[in-house]
Structure formats: structure tokens, C-alpha cells
Amino acid sequence: RLMAWVVDSCILLDIALDDPQFGSASAQCVASRLADGVVACPVSQIEIVPQFGGQLAQVRHFLKQSGIQHHIDWIKADTEAAAGGWAAYVKAKRAGQILKRPIADIQIGGFALRFQGIITRNPDDFRPWFPGLVIIEP
């Protein structure tokens, strides 16, 4: 595993929007892990781009200013990990065991498996599909 933490889209938005309820805790949680490295998945960059006027360059500027890496590419292992998570999700969905979940969460979880873990406020979006994923909540 690579030495770094993947930061979920919700945490990025907490920080970018200075969310009154979650912004401070999310920023502190990320800041406390910057020495290990913090990475934004390419999928998260796409998810948050509407808050930056649709400008990916603005997202990357925000990430750079926050000390969050944004240049880590999606690789074959990420696709394989996400495919396994998606297959498990679809099986549970068809069995009526769960509600709808966006594929972006599955992709971010698959990406995060390559790293130390994920920083998120939504552990249940990842835990069922990636049981080995280390999850940090602010």
C-alpha cells in the first residue's frame, strides 16, 4: 500500500465550503495526516468540480493550497478493486438489501484500497463493499 490517505469528496467539500457543521473537524483531520500524504481520487475531483464553477484547474489549485495531492492516476488495480466492490453492491441491491448508492463511491473506495485508507464522514458508503479498507472519520 502507498503511504497516503485518500480524502473523500464530502471532506473536500466540507473544507472548500467551510461547512459550519463539519468544516473545522474535516480540515483538522486532513491536516493531521498531511505528513503521511493526502490524495484526492480523480473521481472526487470530478464530483466537486461543480462547486468550483466547473473548472478543474480551480479544483486542483484548491487541492494544492490544501496540501492534497491531485496527480495520482487511476490504474488497473483501481479498476479491479472497484469492479469487485460494484459486483458485491449490485448483488446486495438486487436482493433488496440496500438503497441506491452512486458508483462514484465504489470507484473512490477501489482507489483508496491502494493507500493507507480513506478519510470520510460516510463510512457506510465504503465499509460493506471494501471490508479491508481502513476508514478514518473526522
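**Exercise 1.** Which residues in α6 are buried?

Solution. The structure is a predicted model.
- Step 1. Apply the cut-off: a residue counts as buried when its relative accessible area is under 20%.
- Step 2. In α6, the residues that meet this are Ala-104, Asp-105, Ile-106, Ile-108, Gly-109, Gly-110, Phe-111 and Ala-112.
- Step 3. Set against the length of the helix, 8 of its 10 residues are buried, and α6 is mostly covered.
- Step 4. Look for the cover: β1, α1 (9-16), β2, α3 (42-48), α5 and β3 are included in what lies over the buried residues of α6.

**Exercise 2.** Give the strand order of the sheet and explain why one side of β2 and of β4 has no neighbour in the sheet.

Solution.
- Step 1. The open sheet is formed by 4 strands in the order β2-β1-β3-β4, with parallel pairing.
- Step 2. β2 (38-39) and β4 (135-136) are at the edges and each has a single partner strand, so one side of each is left without a neighbour in the sheet.
- Step 3. Now take the pair β3 and β4: the two run parallel and are joined by 2 bridges. Ile-119 is placed opposite Ile-136 of β4.
- Step 4. Add the helix: α6 packs on the sheet and touches β1, β2 and β3. The direction of α6 makes about 145 degrees with that of β3.

**Exercise 3.** Describe the largest nonpolar core and state which element gives the most to it.

Solution.
- Step 1. The largest nonpolar core has 22 residues. Val-6, Ile-108, Phe-111, Phe-115, Ile-118 and Leu-133 have the most contacts inside this core.
- Step 2. At least two residues of this core come from each of β1 (2-7), α5 (76-94), α6 (103-112) and β3 (115-119).
- Step 3. α6 gives the most, with 5 residues.
- Step 4. Take Ile-118 as a case: leaving out residues up to four places away in sequence, Ile-118 touches Trp-5, Val-6, Asp-8, Ile-108, Ala-112, Phe-126, Leu-133, Val-134, Ile-135 and Ile-136.
- Step 5. Apart from the largest core lies another, of 18 residues, including Leu-12, Cys-29, Val-30 and Phe-62.

**Exercise 4.** Decide whether Asp-78 is buried or exposed, and list what Asp-78 touches.

Solution.
- Step 1. Locate the residue: Asp-78 is in helix α5.
- Step 2. Its relative accessible area is 1%. The limit for a buried residue is under 20%, so Asp-78 is buried.
- Step 3. With residues up to four places away in sequence left out, Asp-78 touches Asp-73, Gly-110, Phe-111 and Arg-114.
- Step 4. Compare with Exercise 1: Gly-110 and Phe-111 are among the buried residues of α6.

Key: Residues are numbered from 1 along each chain as its sequence is written. This is a predicted model: local features need pLDDT of at least 70, side-chain atom pairs count only at pLDDT 80 or more; totals for chains, interfaces and linings use all residues. Side-chain values use heavy atoms; hydrogens and water are left out. A nonpolar core is a set of buried Ala, Val, Leu, Ile, Met, Phe, Trp, Tyr and Cys residues joined through side-chain atoms within 4.5 Å. Buried means under 20% relative accessible area, exposed over 50%, partly exposed in between (1.4 Å probe, protein chains only). Contact means heavy atoms within 4.5 Å. Two strands pair if DSSP finds at least two bridges between them. Axes are lines fitted to C-alpha atoms, for helices over the stretch in contact, and angles run from 0 to 180 degrees between N-to-C directions.
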